[in-house]
Amino acid sequence: RAQRNFYIAGFALFLFMVIKKLVSLISANAGLQVAKEAAIKQAESASKAAESLMTTTPAVDESTHTADIKDLTEALEKAKKEAVTAKKDVASMKSQSESLAKEYVCLMEEKDRLERKVNIMGGGEKKTSVWSFL
């Protein structure tokens with residue numbers, strides 16, 4: 001009985017750590033998604049502003065016009081770089097979520113295996129859940 005309680009306590013501690021890690025990864029993922037969306041919106045607005053300023057040509061002297069074009073092209077390049085980094089962030093978050101799902105499946109398989117082992121060591125009793133003892 002003491003050994004069974006020891007295994008249950010150890011398994012509960014293990015699950016607690018796994019759940020804690022899952023929660024931290026999910027919260028980090030949510031933060032990255034918010035940052036990605038903000039960067040994408042900023043890049044889109046900057047590119048729209050640059051395009052609208054390039055299409056409207058006010059009657060100004062050539063030096064001011066070339067300076068404006070230079071500034072706008074720099075802003076456009078910056079926005080494109082931010083969009084590329086945002087797309088990379090999306091890809092990395094996607095791969096993180098896929099690996100997190102795979103890890104979850106592996107942990108669930110190990111949990112099932114350990115429950116079967118506990119059932120076998122417990123004398124072959126049919127148990128529906130680890131929590132049914134408590």
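At 39% relative accessibility, Tyr7 counts as partly exposed. This residue offers a way into the structure, which is a predicted model. Phe6, its neighbour in the pairing described next, is exposed, with a relative accessible area of 62%, and is placed in helix α1.

A pair of aromatic rings is described by the distance of the centres and the angle of the planes. The structure contains 1 aromatic pair. Phe6 and Tyr7 make up this pair, with 6.2 Å from centre to centre and 65° between the planes. The arrangement is edge-to-face, because an angle over 60 degrees places a pair in that class. Phe6 and Tyr7 also belong to a nonpolar patch on the surface, in which Met121 is the further member. Together, Phe6, Tyr7 and Met121 present about 360 Å² of accessible area.

The overall architecture can now be set around this patch. The secondary structure of the protein chain consists of 2 helices and 0 strands. Helix α1 covers residues 2-55, and helix α2 covers residues 62-121. Among contacts between residues at least 6 apart in sequence, 74% join residues that are at least 24 apart. Of the 134 residues in the protein chain, 16% count as buried. The chain exposes about 10,300 Å², and carbon and sulfur atoms supply 62% of that area.

Within helix α1, Lys36 deserves attention. Lys36 is buried, yet it has no salt bridge. The nearest side chain of opposite charge is that of Glu37, 4.5 Å away. Since a salt bridge requires a nitrogen and a carboxyl oxygen within 4 Å, this pair does not qualify, because the cut-off is not met. Leaving aside residues up to four places away in sequence, Lys36 touches Ala86, Val90 and Met93. Helix α2, with residues 62-121, thus enters the description of the surroundings of Lys36 through these three contacts.

Charged side chains do meet elsewhere. The structure holds 3 salt bridges. In one of them, the side chains of Glu110 and Arg113 come together at 3.9 Å, N to O. Both residues lie in helix α2, and they are separated by about one helical turn because they are 3 residues apart. Glu110 is partly exposed, with a relative accessible area of 31%, and Arg113 is likewise partly exposed, at 42%.

Another salt bridge links the side chains of Asp112 and Lys111, at 3.7 Å from N to O. Asp112 is partly exposed, its relative accessible area being 34%. Lys111, by contrast, is buried, with a value of 17%; it is classed in this way because buried means under 20% relative accessible area.

Lys111 also takes part in a salt bridge with Glu115, where the side chains meet at 3.2 Å, N to O. Lys111 and Glu115 both lie in helix α2, 4 residues apart, which is about one turn of the helix. Salt bridges with shared partners join Lys111, Asp112 and Glu115 into one network. Two buried lysines have therefore been met in this account: Lys36, which has no salt bridge, and Lys111, which is buried at 17% and has salt-bridge partners in Asp112 and Glu115.

Terms used. Residues numbered from 1 in each chain as written. Predicted model: local features only at pLDDT ≥ 70, side-chain atom pairs only at ≥ 80, totals over all residues. Heavy atoms only, no water. Buried < 20%, exposed > 50% of the residue type's maximum accessible area, 1.4 Å probe, protein only. Lys, Arg positive; Asp, Glu negative; His and termini not counted. Contact = heavy atoms within 4.5 Å. Phe/Tyr/Trp six-rings, centres within 6.5 Å; stacked < 30°, edge-to-face > 60°. Patch = residues over 30% accessible without salt bridge, like charges linked within 9 Å, V, L, I, M, F, W, Y side chains within 5 Å. Areas by Shrake-Rupley, 256 points an atom, 1.4 Å probe, with all protein chains shown as cover.
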